Amino acid sequence: MKQAYARHASQTAIDLEFDNLYRELSSYGAGPAFSVHRNGTDSAAYAAGSYQKVLFTTAEYDTHKQFDLALSRFEPRNSGLYQLNAAAYFNPGQDNKDYLIAIYKNGVVYKQITNNCASAIAVSIDISTLVRVVSPGDYYEIFVLHNFTTSTVLSGGTSLTYFNGCRIG
């Protein structure tokens with residue numbers, strides 16, 4: 001049941017709205033949350049033309065031990081609504097070529113986004129989505145694809161290539 005709280009004299013209406021939302025989400029309990037990255041290690045050259053799985057090597061945090069580093073995938077054990085986010089950074093880029101990043105669910109593309117590089121500089125691409133987990137046992141992975149004429153390197157920078165998420169309801 002949603003319960004609203006009265007505004008304190010020093011709070012703005014937006015502060016109160018945020019506080020009420022925070023209390024409502026907190027009533028669900030602290031849900032699983034994770035953040036993983038490649039720990040500064042660049043990948044070997046990523047070949048063009050097919051999706052390749054991003055291998056994450058380090059967990060910044062994994063509150064409920066639901067990210068399997070050996071398989072590089074998030075395996076939620078609780079049903080609910082989750083926010084998933086990922087980014088990939090390619091260096092170098094190529095003029096007028098496409099980059100794709102996708103969230104796979106159970107081995108199949110679930111959501112994807114494409115970015116076209118206008119110059120031969122490095123490029124970052126990111127994706128964010130809400131996921132309704134109904135049956136625990138589902139798993140989520142990150143894949144990337146590019147259509148360069150040569151291979152490129154996927155950065156291992158901890159703030160450049162990452163995957164994170166949390167249960168929000």
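Visitor: Where is Ser 35 found?

Guide: Happy to start there, and please keep in mind that this is a predicted model. Ser 35 counts as buried, at 6% relative accessibility. Its contacts beyond four places in sequence include Tyr 61, Phe 163 and Asn 164. As for the element that holds Ser 35, the place to look is strand 1.

Visitor: How far apart in space are Ser 35 and Asp 62, C-alpha to C-alpha?

Guide: Asp 62 sits in strand 4, which covers residues 58-62, while Ser 35 belongs to strand 1. In sequence, 27 residues separate Ser 35 and Asp 62. In space, the C-alpha to C-alpha distance between them is 6.6 Å.

Visitor: Which side chain of opposite charge is nearest to Asp 62, and how far away is it?

Guide: Asp 62 is buried and has no salt bridge. A salt bridge would need a side-chain nitrogen of Lys or Arg within 4 Å of a carboxyl oxygen. The nearest candidate is Lys 65, at 5.7 Å.

Visitor: Which backbone nitrogens does the side chain of Asp 62 reach at 3.0 Å?

Guide: Beyond four places in sequence, Asp 62 touches Ala 33, Phe 34 and Phe 67. A polar atom of the Asp 62 side chain lies 3.0 Å from the backbone nitrogen of Phe 67. The side chain also reaches a second backbone nitrogen at 3.0 Å, that of Gln 66. The names you want are therefore Phe 67 and Gln 66, both within the 3.5 Å that a polar contact allows.

Visitor: Is Ser 72 buried or exposed?

Guide: Ser 72 is in the loop between strand 5 (67-68) and strand 6 (73-74). Its phi is positive, about 50 degrees, although it is not a glycine. Most residues other than glycine have a negative phi. With a relative accessibility of 2%, Ser 72 is buried.

Visitor: What is the relative accessible area of Asn 39?

Guide: Asn 39 is another non-glycine residue with a positive phi, here about 55 degrees. You will find Asn 39 in the loop between strand 1 and strand 2 (45-46). Asn 39 is partly exposed, and its relative accessible area is 47%.

Visitor: Which residues of the largest nonpolar core touch the most other members?

Guide: This core has 27 residues. Elements giving two or more residues to it include strand 1, strand 7 (80-91) and strand 8 (97-105), along with strand 10 (123-133) and strand 11 (140-146). The residues that touch the most other members are Phe 74, Leu 84, Phe 90, Ile 101, Tyr 140, Ile 142 and Phe 163.

Visitor: What does Leu 84 contact, leaving aside its neighbours within four places in sequence?

Guide: Leu 84 is one of the core residues that touch the most other members. Its contacts include Ser 128, Thr 129, Asn 164 and Gly 165. The rest of the list is Phe 34, Phe 74, Ile 103, Ile 127, Val 131, Tyr 140 and Phe 163.

Visitor: How far is the C-alpha atom of Thr 149 from that of Gly 49?

Guide: Thr 149 lies in the loop between strand 11 and strand 12 (152-154), and it counts as exposed at 65% relative accessibility. Beyond four places in sequence, Thr 149 is in contact with Gln 94 and Lys 97. Thr 149 and Gly 49 are 100 residues apart along the chain, yet their C-alpha separation is 9.1 Å.

Visitor: How many helices and strands does the chain have?

Guide: From the N terminus on, the order begins with α and continues with β. Among contacts with a separation of 6 or more, 70% come from residues 24 or more positions apart. The count is 1 helix and 13 strands.

How values were computed: Residues are numbered from 1 along each chain as its sequence is written. This is a predicted model: local features need pLDDT of at least 70, side-chain atom pairs count only at pLDDT 80 or more; totals for chains, interfaces and linings use all residues. Side-chain values use heavy atoms; hydrogens and water are left out. A nonpolar core is a set of buried Ala, Val, Leu, Ile, Met, Phe, Trp, Tyr and Cys residues joined through side-chain atoms within 4.5 Å. Buried means under 20% relative accessible area, exposed over 50%, partly exposed in between (1.4 Å probe, protein chains only). Helices (H or I, at least four residues) and strands (E, at least two) are DSSP runs, numbered from the N terminus. Contact means heavy atoms within 4.5 Å. Lys and Arg count as positive and Asp and Glu as negative; His and the chain ends are not counted. A polar contact is a pair of N or O atoms within 3.5 Å; within protein, one must be able to donate a hydrogen and the other to accept it, and residues adjacent in sequence count only if both atoms are side-chain atoms.
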